[in-house]
Amino acid sequence: MELIETHAHLDYPDFVADLDEIVARATNTGVARIITIGTGIESSRRAVALSDRFPNVYAVVGIHPTNVSDEGLDFLPALRELASHPKVVAIGETGIDYHHVPEELKQPAVSTVDSALQAQNTDDQERLIAHGAWKSAQADAFCMQLDLAVELGLNVVVHQRSAWSDTLALLLPYSGKVRGVFHCFGGTPEEAAEVHSHGHLVSFTGIITFKNAGQVRATAQAVPSDGYMVETDCPYLAPVPHRGKRAEPSHTRLVAEKVAEVRGVTLEEVAAATTRTAESFFKFPLLN
């Protein structure tokens, strides 16, 4: 049995002290390959370095939407260079996130041109303009990374939060050119079907084991066997019985076990299906 952990953040400080043990523990639980995900240029550099350090670790490089403001929009040359590494298997994570609004843009809630006209002071109007620029920069960064993925023949790892319609609208022109996996998927079966209708995938995390995650379990039950992958998003979202602690790649097995339970199949079937899907989605280098 072989599982692939398709979304980890091994470059985070949470793993500095015992990374060798963490990677070994993953192997011992059947997690044969780990994909570590960059969230900015420096994070992506660390991901690539980790792929050099560990034979079973691969890298994805990209700019997370919540980091666009800090990175700026001149990241493309550095990202292109990183993506040329033979163990880079996709671009990401990239996408749109309207949930994590910068503090200076939060209050008062101003979201439309009409409300701007009604604003009683210049600060409100300036905040509206800044809010629009913040959204626009995320969209620009997303499209730049989608273009790079097309150029390099790679797929993309998509982060979407509170931006469903805008994310799908930006992806639509790339249909047939690049595929995305909506990682840490928490949407409905209908939303998963919409993702699949455009040739994209979804991926499930430890959330599927949470008591209040009925919708995620319903979606995991409904998706086609070749339409999903498994991940941890570690160090976040540790599955039961580790909830509230640090997640790690070995927990991919717990995610897969819960998926198998809700689908009424064996763990081996889930492992085989998700491994095939990951191998067709990510650009793993050919073994010598």
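**View 1. The lining of the largest pocket mixes nine nonpolar, 10 polar and four charged residues.** Here Asp, Glu, Lys and Arg count as charged, Ala, Val, Leu, Ile, Met, Phe, Trp, Tyr, Cys and Pro as nonpolar, and the others, Gly among them, as polar. This is a predicted model, in which local features need pLDDT of at least 70 and side-chain atom pairs count only at pLDDT 80 or more, while totals for chains, interfaces and linings use all residues. Residues are numbered from 1 along each chain as its sequence is written, and side-chain values use heavy atoms, leaving out hydrogens and water. The pocket (an open set of points on a 1 Å grid where a 1.4 Å probe fits, with protein on both sides within 12 Å along at least five of seven lines; lining residues have an atom within 4 Å of a point) has a volume of about 550 Å³, the space filled by probe spheres set on the points. Of its 23 lining residues, H159, Q160, R161, H183 and C184 are the closest to the centre.

**View 2. R46 and D11 meet in a salt bridge.** Their side chains come to 2.8 Å, N to O (the rule: a Lys or Arg side-chain nitrogen within 4 Å of an Asp or Glu carboxyl oxygen). R46 lies in helix α2 and D11 in the loop between β1 and α1, so the pair ties together parts 35 residues apart in sequence (helices, H or I, at least four residues, and strands, E, at least two, are DSSP runs numbered from the N terminus). D11 is buried at 8% relative accessible area, whereas R46 is partly exposed at 40% (buried is under 20%, exposed over 50%, partly exposed in between, with a 1.4 Å probe and protein chains only).

**View 3. R253 and E257 form a salt bridge within helix α10.** Their side chains meet at 3.3 Å, N to O.
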